Amino acid sequence: MSVTSISSAQDRASASASASDSDSDSTPSADTSVELSIWPASARPAAEGDVTVADVSLTEAADRFGTPLYVLDEGEVRDRCRAYRTAFPDADVVYAAKAFLCRAMARWVESEGLGLDVCSAGELGLAITAGFPAERIVLHGNAKSPEDLYTAVRLGVGRIVLDSTPEIARLAEIVPPSDRQQVMIRVVPGIAAGGHAKIRTGTEDQKFGLSITDGSAQHAIARILAQPRLELVGLHCHIGSQITSVKPYVAAVRRLIGLMTQVRDHHGLELPQLNIGGGHGIAYRPGQDRLDIGALARRVHAELKDGCAHAKLPVPRLTIEPGRALVGSAGVAVYRVLTVKQTAGRTFVAVDGGMSDNPRPALYGVRYAPRLIGRRSMAQPCPVTVVGRHCEAGDVLADEALLPGDVRPGDLLAVPTAGAYHLSMASGYNLIGRPPVIAVRDGSARMLVRRESLDDMSRRDIGL
Ligand code: LLP
């Protein structure tokens, strides 16, 4: 997908918003059956209420692989990677693996020319076993363990983003005397942005980064420059996640150019790189905003060019770290309905997954747009609460979702926009076992990650 087609997906979304449900209007729409604006671009309605993704029938996939099932459209991931590279031809585009990582995913982004952001020895190790080149990897983390740092140095990770003062000496100690490790420093620009309080990381009152305002960032920079085994190549910030406006990024760039100017004035060093993190918002329901990547590229480049010209600094090489925006819309979760329960005020549709494969509604109150698949229904859409099978009342997958009034046990529900921060945050709650992930491409499906079995889970339990 080109940059233009990302915008056209946006246009599709906004066009459908006026005709169907949106945040402010929960009136049942007359025809939700063709609403695929937030699905992978390859999604098509098919016979008997089925939907195909990359020409693979979701109902057939559910029969073949079982439910709950996560379906990942390889073409959608690759198209999004290409759209980013087109929009940011002179920048390093680094995929934030925390959104979703498996070996195939690492290979896809590698072959599209992206880098990889990891935040543990685990993510790093998996990427390396998939053949990801270490020099294109960036290591993050507010509290990196000794193992994280050792593994990163041993494997030759390209850049390590320092996030606290004690980490500076700890890292310097383990870099071999003959080497120099490239590092960046994560700073707090003091900007509030992001879809929920728990994912806002640009302000002072949270755990990431070093404050520019209270001088911690400047202090840490001096410490790094005093370490001969560390090479400070630039500044990093990540102001938050699920951001749908370009403005906070422009403000962050301005703030970081200010700090780069101080570094030049105090230390005589012109930093060659600038990493502005990820956080690019996507639509979880038809009609919701997403960040306009083309506009982001234009505005950030303009700000960098003007700001650096004004400060008489060379324009640094830009790095961006999108996670959700690369993989979110490529994923579809498929569940089977187990029970339908009417209470005085609500209809609860309970499925065979839940908060162990998608904790996002419980954590951030996110609302999804599930869809009945595999059967055509003439019943009027009704607002229902789609819940999981876990022992917790907060185990809600989709609040106020519109589903046909005759939804019943045995039905299949598909939840689009399930590619990011579902399985990467999946838990072992109630020992249900984490769902498998299949890749779909050109009409065929293949297993990427198998279902977690009772055997997998009980093998860890070695006590008596
Ligand atoms: N770079 C850094 C340093 C980050 O910490 C993150 C995300 C990203 C890039 C990628 O952000 P993205 O483009 O995916 O928004 N679990 C939450 C999101 C947490 C994001 C953590 N850091 C959620 O489900 O919304």
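Modeller: In this predicted model, a polar side-chain atom of R360 sits 2.5 Å from an oxygen atom of the ligand. Taken alone, the ligand exposes 580 Å², and the protein buries 92% of that area.

Colleague: Which other side chains place an N or O atom beside an oxygen atom of the ligand?

Modeller: S241 is one of them, with an N or O atom of its side chain 2.3 Å from a ligand oxygen, and K98 is another, with a polar side-chain atom 3.4 Å from an oxygen atom of the ligand.

Colleague: How many residues surround the ligand, and how do the residues of that shell divide?

Modeller: The ligand is surrounded by 20 residues, with S241, G279, E321, R360 and Y421 the closest; by class, the shell comprises 6 nonpolar, 8 polar and 6 charged residues.

Colleague: Where does the ligand lie with respect to domain 1 and domain 2?

Modeller: The ligand lies between them, because domain 1 (29-72 + 329-458) and domain 2 (140-322) both contribute residues to the shell around it.

Colleague: How should I read the cavities?

Modeller: The general idea is that rolling a probe the size of a water molecule over the atoms shows where empty space is left. Here the structure holds 4 cavities of 30 Å³ or more, and the second largest contains about 70 Å³ of space.

Colleague: What lines the second largest cavity?

Modeller: Its lining includes Y70, V71, L72, F100, Y421 and V437, and strand 4 (residues 69-73) supplies the largest share, 3 residues. The lining of this second largest cavity divides into 9 nonpolar and 3 polar residues, with no charged ones.

Notes
Residues numbered from 1 in each chain as written. Predicted model: local features only at pLDDT ≥ 70, side-chain atom pairs only at ≥ 80, totals over all residues. Heavy atoms only, no water. Near = heavy atom within 4 Å. Polar contact = N/O pair within 3.5 Å; in protein donor to acceptor, adjacent residues only side chain to side chain. Areas by Shrake-Rupley, 256 points an atom, 1.4 Å probe, with all protein chains shown as cover. Nonpolar A, V, L, I, M, F, W, Y, C, P; charged D, E, K, R; others polar. Domains from an automatic or database assignment. 1 Å grid on protein atoms, 1.4 Å probe; cavity = no way out; pocket = protein on both sides within 12 Å on 5 of 7 lines; lining within 4 Å. Points joined across faces, edges and corners; volume = space filled by probe spheres on them. Helix = DSSP H or I, 4+ residues; strand = E, 2+ residues; numbered from the N terminus.
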